[in-house]
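Student: I would like to go through the terms used for this model and check each against its criterion.
Tutor: Then put the questions one at a time.

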Amino acid sequence: MVRTARYRAVASVYDLVSLEWPVYRLPRLTAIAALNLRPGQRVLDVGCGTGLNLDPLHGALGRTGSVTAVDASPQMLAAARRRAQRRGWHADTFICADMTELPASSLPLADAAVVTYALSLMGEWQAALDTVIEAVRPGGSVAVADLTFAAGRLARPASRLACHLGGSDPMARPWTRLEQRTANVTGWSLRSGHVQVWVGTVR
Ligand SMILES: C[S@@+](CC[C@H](N)C(=O)[O-])C[C@H]1O[C@@H](n2cnc3c(N)ncnc32)[C@H](O)[C@@H]1O
C-alpha cells in the first residue's frame, strides 16, 4: 500500500519543515559516503522525495554520473526533477511509481542504491527493499537510512513525534533485512539511535 497523501500536501515546504539541517543531513551524508561512489556511476534513489540526496550524490558522481530517482508522490518527484534541471543533470531520470509494486526489470541496473527515510513508511517495505537489491549489480552497495526510537528521556518522545509526523513506522527497522540479503553489512547509530544508517554489498 502506498502512503503518500501527506507528502503530496507538504511537497512545496518539505525542505523547510523536515529538520534537514539540525537532524537528518548528517545521516544522509553518512549513507551516501558509505556507497564509495565513483564518477560516472549510476545510482538508484528510492523514495527520493524532493531530491535532497541529489546534491551529495552528484558531488561523488560528477556530471558524467546519473541518478534514477523513484517516488510515488508526483508532487515530491516534480520537486526533485526541478532540482536536477536547475543543476543541469540532464541524464537523471525520474519515475513515479509505488516501489512496493515496481518490478526490478523496469529499472536500469545500478552501481549502487540509497533509500533515505522512506522504507519505514512504505507498508510492504520488504518487497521494496528486495527490488532495490535486485536492481543493483553484484558487488554494488545499498545504503539505507531510516528511523526508529531514540534512547534517552528527552530524545525518545521527540523521536516518537518525528516518526508520527512523517508517517514512519519506528518498529519497521528495514535495515535488518539488509543483514539477511547483502554481504559486508556495516551500520551507524546516529542522533541517539533515532537514525540508523546501514550499508551492504550485493552478492
Ligand atoms: C520522508 S520522505 C523522504 C524523502 C527523501 N528520501 C529524503 O531523504 O528527504 C519519504 C518519501 O517516500 C515516498 N514514498 C512513500 N511510500 C512510497 C512508495 N511505496 N513508493 C515510492 N515512494 C514512496 C514519499 O512520497 C516521500 O517522498
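The questions below concern confidence, the ligand site and strand pairing in a predicted model.

Student: What is the mean pLDDT of the protein, and where is confidence lowest and where highest?
Tutor: The mean is 96, and 99% of the residues reach 70 or more. Helix H1 (residues 5-10) is lowest at a mean of 84, and strand S1 (residues 42-46) is highest at 99.

Student: What makes the pair between Thr116 and the ligand a polar contact?
Tutor: A polar side-chain atom of Thr116 lies 2.7 Å from an oxygen atom of the ligand. The cut-off for N or O pairs is 3.5 Å, so this pair counts. The protein covers 98% of the 600 Å² of accessible area that the ligand has on its own.

Student: Which backbone atoms lie at such distances from a ligand nitrogen?
Tutor: A backbone N or O atom of Met99 is 2.9 Å from a nitrogen atom of the ligand, and one of Ala72 is 3.2 Å from a nitrogen atom of the ligand. Both values are within 3.5 Å, so both pairs are polar contacts.

Student: How many residues surround the ligand, and which come nearest?
Tutor: There are 21, of which Arg28, Gly47, Asp71, Asp98 and Thr116 come nearest. By class, the shell has 13 nonpolar, five polar and three charged residues.

Student: Why are S2 and S3 called paired?
Tutor: Pairing needs at least two bridges, and four join strand S2 (residues 66-71) to strand S3 (residues 93-96), so they pair. The two run parallel, with Asp71 opposite Cys96 in S3. Helix H5 (residues 74-87) carries the chain from S2 to S3 in a right-handed β-α-β crossover.

Student: How do you know that S6 and S7 pair?
Tutor: Strand S6 (residues 183-190) and strand S7 (residues 195-201) share six bridges against a minimum of two, so they pair, in the antiparallel sense. Ala183 stands opposite Thr201 in S7. Four residues separate the strands of this hairpin, and Arg191 in the turn has a positive phi of about 55°.

How values were computed: Residues are numbered from 1 along each chain as its sequence is written. This is a predicted model: local features need pLDDT of at least 70, side-chain atom pairs count only at pLDDT 80 or more; totals for chains, interfaces and linings use all residues. Side-chain values use heavy atoms; hydrogens and water are left out. A residue is near a molecule or strand if one of its heavy atoms lies within 4 Å of it. A polar contact is a pair of N or O atoms within 3.5 Å; within protein, one must be able to donate a hydrogen and the other to accept it, and residues adjacent in sequence count only if both atoms are side-chain atoms. Accessible areas come from the Shrake-Rupley method with a 1.4 Å probe; for residues, only the protein chains shown count as cover. Ala, Val, Leu, Ile, Met, Phe, Trp, Tyr, Cys and Pro count as nonpolar, Asp, Glu, Lys and Arg as charged, and the others, Gly among them, as polar. A crossover is right-handed if, with the strands pointing away from the viewer, the path from the first strand over the helix to the second runs clockwise. pLDDT is the predictor's confidence in each residue, from 0 to 100.
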